[in-house]
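This briefing covers the ligand site, the salt bridges and the unusual backbone geometry of the structure shown below. Each topic is treated in turn.

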Amino acid sequence: MKPATLCIHAGSHPDPSTGAIMTPIYQTSTYVQEAPGVNKGYEYARSQNPTRFALEEAFALLEKGKYGLAFSSGVAATDAVIKLLAPGDEVICGNDMYGGTYRLFTKVFEKFGIKFHYVNMQDIANIESHINANTRLIWLETPTNPLMNITDIRAVSALAKPRKILVTVDNTFASPYLQNPLDLGADIVMHSATKYLSGHSDVIQGALMMNDKELRDQLYFIQKSCGAVPGPMDCFLVLRGIKTLHVRMERHCENGKAIAQWLRNHPKVGKVYWPGFEDHPNHAIAKVQMKDFGGMISFELKDDSMDAARKVLSSTKLFALAESLGGVESLINHPASMTHASIPREERIKNGLSDTLIRLSVGIEDVDDLIEDLEQAIGRE
Ligand code: P1T
C-alpha cells in the first residue's frame, strides 16, 4: 500500500458491533466477563482497549513494523524502553536531544544505576569508542531537537547488531511519513505522537514500534505493569490525525524549505539549521534516509544578544511562542529557556545549543503569511 492510502486506512476496520466506519471511543475501564476467565479477550482497559488497539495497529503499519504500542506521552514511551535495562547497563545517546529525554535519563534513571554516555553522533567513531561489555542500548534522535543534526541510522544499526546492542530511534522530528528507522535496521522506533502524528496540538501521547515479538512482549509487559497508557479519547484523536499525516507533512516540508531559504538570505539572520541545505554537514545522509526535510528549523540572529532574540520571540503574531511542534499551526520556541531548560547551561553551550537559538515549527498555513510574520518580527534595520 502506498503511504497516502496507508495513512487513511491503517488500523481502520468498521466496528464489528455496529458497522461504524470510524473506530469508536471505547470509554470504559473494564469489561463484563461471562464466568471467571471466560471473556471476549478484553478484561481491564489498562491492558486492552479496542480504540488503543486500532491505533497501535496503525502505528505499526506506518513505521513498517509488526507491532505498535501507545503510551500516555512521548516521555512515557522513552521511559518504557529504558525499563528494559538493569542496573549496570550502559546507554550511548546523542549530546543533542529533547531536554525532557535528557532530564529523564540524568535525573530519573541514573540513580537506578544506568549509565548514559552523551556523544556527538554525527561521527560513528564516537559511538564505537564508547561501546563496552555493558552497552545495551544506543538511543538516537535524528534529526535532533533542536540543532537538526543527522545520524546515519543504517551505520549505527550495522555497528550495534553484531554486538547485540539495541538501537532505538526517536523519530519524532521526521514522522513516519519521512523516515522509517526499522527499515534501516533499528530495533525500536519511538515517537512523541503529541507532534506530527496527532498533528493538531490537542493531545499528549507516545508510541513505540518494533518487529521483534519478544521485544514487543517485554514492552507490552512494561506498558501494562507501569500503566502509562493513553485514554481512548486521545487514541481516537491520534487515529484521526494520522489520516491526514501525508498531506500535512508535504505542506510542512514545502513551507519549511521556503522559510529555511528565506531565513538564510535574510541580512540579519546568522546560522540556519536545516538538513535540506546542501552544505548541512550530514545532508547526504539526510537525503538518503529521509523522504524530505520536514518543517523544523532553528536559527540564530547575527546580533547574538539576548535582547535581539527576545524581541523576535515576542514579536511574531502568527508563530505562537510555545513549547511543542508538529501541529498545523506555526510555533516559535526558545530552547534555552523552554524545551531544553533542564539541560545545564554549560552542557548546552558545549554541545552547540546557544542561549539565543530560536526554533521554528513551521505549520501548514500560507507560506507568504508566515514569511510576512517573520519579516515584521526580525525587521531589516
Ligand atoms: O512531550 P512528550 O509527548 O512526552 O514527548 C517528549 C519528546 C520526545 N522526543 C522529542 C524529539 C520531543 O521533541 C519531545 C517533546 N518535545 C517538545 C515538547 C518540544 O517542544 O521540543
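**Salt bridges, backbone geometry and ligand site**

Helix α12 holds both Glu 347 and Lys 350, which lie 3 residues apart, about one turn of the helix. The model is predicted. Its salt bridges number 14, and its ligand is surrounded by 18 residues.

**Salt bridges in and around helix α12**

- Glu 347 and Lys 350 form a salt bridge in which the closest N and O atoms are 3.5 Å apart.
- The two partners fall into separate accessibility classes: Glu 347 is partly exposed, at 21% relative accessible area, whereas Lys 350 is exposed, at 62%.
- Arg 345 and Asp 355 also meet through their side chains in a salt bridge, with an N to O distance of 2.5 Å.
- This second pair links distant parts of the chain, since Arg 345 belongs to helix α12 (residues 345–350) and Asp 355 to the loop between α12 and β12 (358–361), 10 residues apart.

**A salt-bridge network**

- Lys 213, Arg 216 and Asp 217 are linked in a network of salt bridges.
- Within this network, Asp 217 pairs with Arg 216, and their closest N and O atoms are 3.2 Å apart.
- Asp 217 has a relative accessibility of 32% and therefore counts as partly exposed.

**Cis peptide bonds**

- The peptide bond between Thr 142 and Pro 143 is cis, with omega at about -10°.
- Pro 143 is placed in the loop between β4 (135–141) and α6 (153–160).
- A cis peptide bond also joins Asn 145 to Pro 146, with omega at about 10°.
- Pro 146 lies in the loop between β4 and α6.
- Asn 145, which takes part in this cis bond, also contacts the ligand: an N or O atom of its side chain is 2.9 Å from a ligand oxygen.

**Positive phi angles outside glycine**

- Lys 164 is not a glycine, yet its phi is positive, at about 55°.
- The loop between α6 and β5 (166–170) contains Lys 164, and this residue is exposed, with 73% relative accessible area.
- Ser 324, likewise a residue other than glycine, has a positive phi near 90°.
- The position of Ser 324 is in the loop between β10 (320–321) and β11 (331–333).
- Ser 324 is partly exposed, at 22% relative accessible area, and is among the residues closest to the ligand.

**Ligand site**

- The residues closest to the ligand are Asp 170, Ser 192, Thr 194, Ser 324 and Arg 359.
- In the case of Thr 194, an N or O atom of the side chain is 2.6 Å from an oxygen atom of the ligand.
- Val 75 makes its approach through the backbone, where a polar atom is 2.9 Å from a ligand oxygen.
- On its own the ligand has 480 Å² of accessible area, of which the protein covers 94%.
- Elements that contribute two or more residues to the shell around the ligand are α3 (74–82) and β6 (188–192).
- By class, the shell comprises 4 nonpolar, 9 polar and 5 charged residues.
- Domain 1 (3–242) and domain 2 (246–378) each supply at least three residues to this shell.

Notes: Residues are numbered from 1 along each chain as its sequence is written. This is a predicted model: local features need pLDDT of at least 70, side-chain atom pairs count only at pLDDT 80 or more; totals for chains, interfaces and linings use all residues. Side-chain values use heavy atoms; hydrogens and water are left out. A salt bridge is a side-chain nitrogen of Lys or Arg within 4 Å of a carboxyl oxygen of Asp or Glu. Buried means under 20% relative accessible area, exposed over 50%, partly exposed in between (1.4 Å probe, protein chains only). Helices (H or I, at least four residues) and strands (E, at least two) are DSSP runs, numbered from the N terminus. A residue is near a molecule or strand if one of its heavy atoms lies within 4 Å of it. A polar contact is a pair of N or O atoms within 3.5 Å; within protein, one must be able to donate a hydrogen and the other to accept it, and residues adjacent in sequence count only if both atoms are side-chain atoms. Accessible areas come from the Shrake-Rupley method with a 1.4 Å probe; for residues, only the protein chains shown count as cover. Ala, Val, Leu, Ile, Met, Phe, Trp, Tyr, Cys and Pro count as nonpolar, Asp, Glu, Lys and Arg as charged, and the others, Gly among them, as polar. Domain bounds come from an automatic or database domain assignment.
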